[in-house]
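Biologist: Got a minute to go through this model with me? I'd like the basics, then the side chains.

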Amino acid sequence: MGSKSNRSRRYPEEFKRDAVALVRSSGKIVTEVAQEVGVSAEGLRNWVKKLLSFRT
């Protein structure tokens, strides 16, 4: 049985914030940054949306 928890990985909040900051400051697209830091592009997009929504 392949549950989602077997495929997903938890990342520390600091790692998420750093990855989002890299997206915002590097001028690179989310997909490029995701590959560089070793996470899925979809996951990184979600972090960006979540973290930016807290600032507005």
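Modeller: Sure, here is a walk through the fold, the core, the rings and the charged pairs.

Biologist: What should I know about the numbers before we start?

Modeller: This is a predicted model, so local features need pLDDT of at least 70, side-chain atom pairs count only at pLDDT 80 or more, and totals for chains, interfaces and linings use all residues. Residues are numbered from 1 along each chain as its sequence is written, and side-chain values use heavy atoms, with hydrogens and water left out.

Biologist: OK. How many helices and strands does the protein have?

Modeller: Four helices and zero strands, so the pattern along the sequence reads α-α-α-α. Helices (H or I, at least four residues) and strands (E, at least two) are DSSP runs, numbered from the N terminus.

Biologist: And what share of the residues is buried?

Modeller: Of the 56 residues, 25% are buried. Buried means under 20% relative accessible area, exposed means over 50%, and partly exposed is in between (1.4 Å probe, protein chains only). The accessible surface comes to about 4,600 Å², by the Shrake-Rupley method with a 1.4 Å probe, where for residues only the protein chains shown count as cover. Carbon and sulfur atoms own 50% of that surface.

Biologist: Which residues make up the largest nonpolar core?

Modeller: There are twelve: A19, V20, V23, V30, V33, A34, V39, A41, L44, W47, V48 and L51. Helices α2, α3 (30–37) and α4 (41–55) each supply at least two of them, and α4 gives the largest share, five residues. The rule for a nonpolar core is a set of buried Ala, Val, Leu, Ile, Met, Phe, Trp, Tyr and Cys residues joined through side-chain atoms within 4.5 Å.

Biologist: Is there a general reason for that sort of grouping?

Modeller: In soluble globular proteins, nonpolar side chains tend to be buried together.

Biologist: Pick V33, then. What is V33 in contact with?

Modeller: Leaving aside neighbours within four places in sequence, V33 contacts A19, L22, V23, S26, K28 and L44. Contact means heavy atoms within 4.5 Å. For the protein's contacts with a separation of 6 or more, 46% are between residues 24 or more positions apart.

Biologist: Switching to rings. How many aromatic pairs are there?

Modeller: Three. Rings of Phe, Tyr and Trp (its six-membered ring) pair if their centres lie within 6.5 Å; planes under 30 degrees apart are stacked, over 60 edge-to-face, and the rest tilted. Y11 and F15 have ring centres 5.1 Å apart and planes at 15 degrees, so they are stacked. Y11 and W47 are edge-to-face, at 5.4 Å centre to centre and 70 degrees between the planes.

Biologist: Where do Y11 and W47 lie in the chain?

Modeller: Y11 is in the loop between α1 (4–7) and α2, while W47 is in helix α4, 36 residues apart. Y11, F15 and W47 form one aromatic cluster. W47 is buried at 12% relative accessible area, whereas F15 is partly exposed at 27%.

Biologist: Last topic, charges. How many salt bridges does the count come to?

Modeller: Two, where a salt bridge is a side-chain nitrogen of Lys or Arg within 4 Å of a carboxyl oxygen of Asp or Glu. E36 pairs with K28, with the closest N and O atoms 2.5 Å apart. E13 pairs with K16 at 3.5 Å, and both lie in helix α2 (residues 13–26), three residues apart, about one turn of the helix.

Biologist: Is K16 buried or exposed?

Modeller: Buried, at 14%, while E13 is partly exposed at 39%. Not counting residues up to four places away in sequence, K16 touches Y11, W47 and L51.
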